Amino acid sequence: AAAYFKAGTNLLMYICYQISEHGEGDFDHVQDVMPWPDAAQPKFWMNLYDKSAYQSLTGRRVIKTHLPATKVPINDRAKYIAVTRDPKDCAASGYYYFRSLIFGPGTPPPSVWLEHMASKDAPFGRWDAFTASWYKLRNRSNVLFLRFDELKDKPIDTLKRIAAFLDIELTDDALHRVAEKTSFEAMKSINGRFFPAAQSMWTNVNGSIIRKGQSGDGAMLFNTEHLKKFDVDMEQGLRALGSDFPYAEHYSLRAKSHR
């Protein structure tokens, strides 16, 4: 399960996990049931070589990553599901997340955070690099490329699509269980099972990682002019990488303002 930072990571990996368990999966913390090799502190997560991860009802395990495809070993023995999201919303979600997890009262102004998300030092790298790398592989038989809006707007259809991609047959009852457990309300009710270990003296142990599950937070948090500049930066970044991902169609404020 490959997702850009704050692009719906928990939703995607929880969907994959519940599909692999036919909707009957349970855990005290998500870190106990799947590895995250590129985590800042992977010691908190299941070891990549822990074979108990294969003891799901389907014999499949889920591995989490925020990395672009250029930094992930791609082979025919695995299936890869990648999800991207409007990077302005990723930036907004990241702002609230780091405020709760690390920065506390030292949280920078939103404009400074947005500039950081456009820099080479953005958490786990820039959005354009992640998206371009996975979008390039979208036609491979073992790669499924999704947008966050698809996960949220058409949940049942997308669950069926993911299950079929994973070669997992779900009964109607199992599909219902997966849909119910991966709903925003259900995940919000077990927020603590997804929230990371304390990272600083400012970590809010009751912090929210399953916060809103909606699109549009970027437009609410950041200045419009800053957002337009950010759009241009991401579009130019995609072009520089030779990517034809349709950014304007899905995410550009300029395109939306002309509709």
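Angles under 35 degrees count as roughly parallel, over 145 as roughly antiparallel, 65 to 115 as roughly perpendicular, and the rest as oblique. The model is predicted: local features need pLDDT of at least 70, side-chain atom pairs count only at pLDDT 80 or more, and totals for chains, interfaces and linings use all residues. Residues are numbered from 1 along each chain as its sequence is written, and side-chain values use heavy atoms, without hydrogens and water.

**Exercise 1.** Determine how helix 6 and helix 7 are oriented to each other, and which residues make the contact.

*Solution.* Step 1: helix 6 spans residues 155–165 and helix 7 residues 172–181; helices are DSSP runs (H or I, at least four residues) and strands likewise (E, at least two), numbered from the N terminus.
Step 2: their axes, lines fitted to C-alpha atoms over the stretch in contact, lie 10 Å apart at an angle of about 120°; angles run from 0 to 180 degrees between N-to-C directions. The two helices are therefore oblique to each other.
Step 3: contact (heavy atoms within 4.5 Å) involves Ile 156, Leu 159 and Lys 160 of helix 6 and Leu 175, Val 178 and Ala 179 of helix 7.

**Exercise 2.** Establish whether the residues of strand 2 are buried or exposed, and which way they point.

*Solution.* Step 1: buried means under 20% relative accessible area, exposed over 50%, partly exposed in between (1.4 Å probe, protein chains only). Five of the five residues of strand 2 (residues 80–84) are buried.
Step 2: in a regular strand, side chains alternate between the two faces of the sheet. Tyr 80, Ala 82 and Thr 84 point one way, Ile 81 and Val 83 the other.
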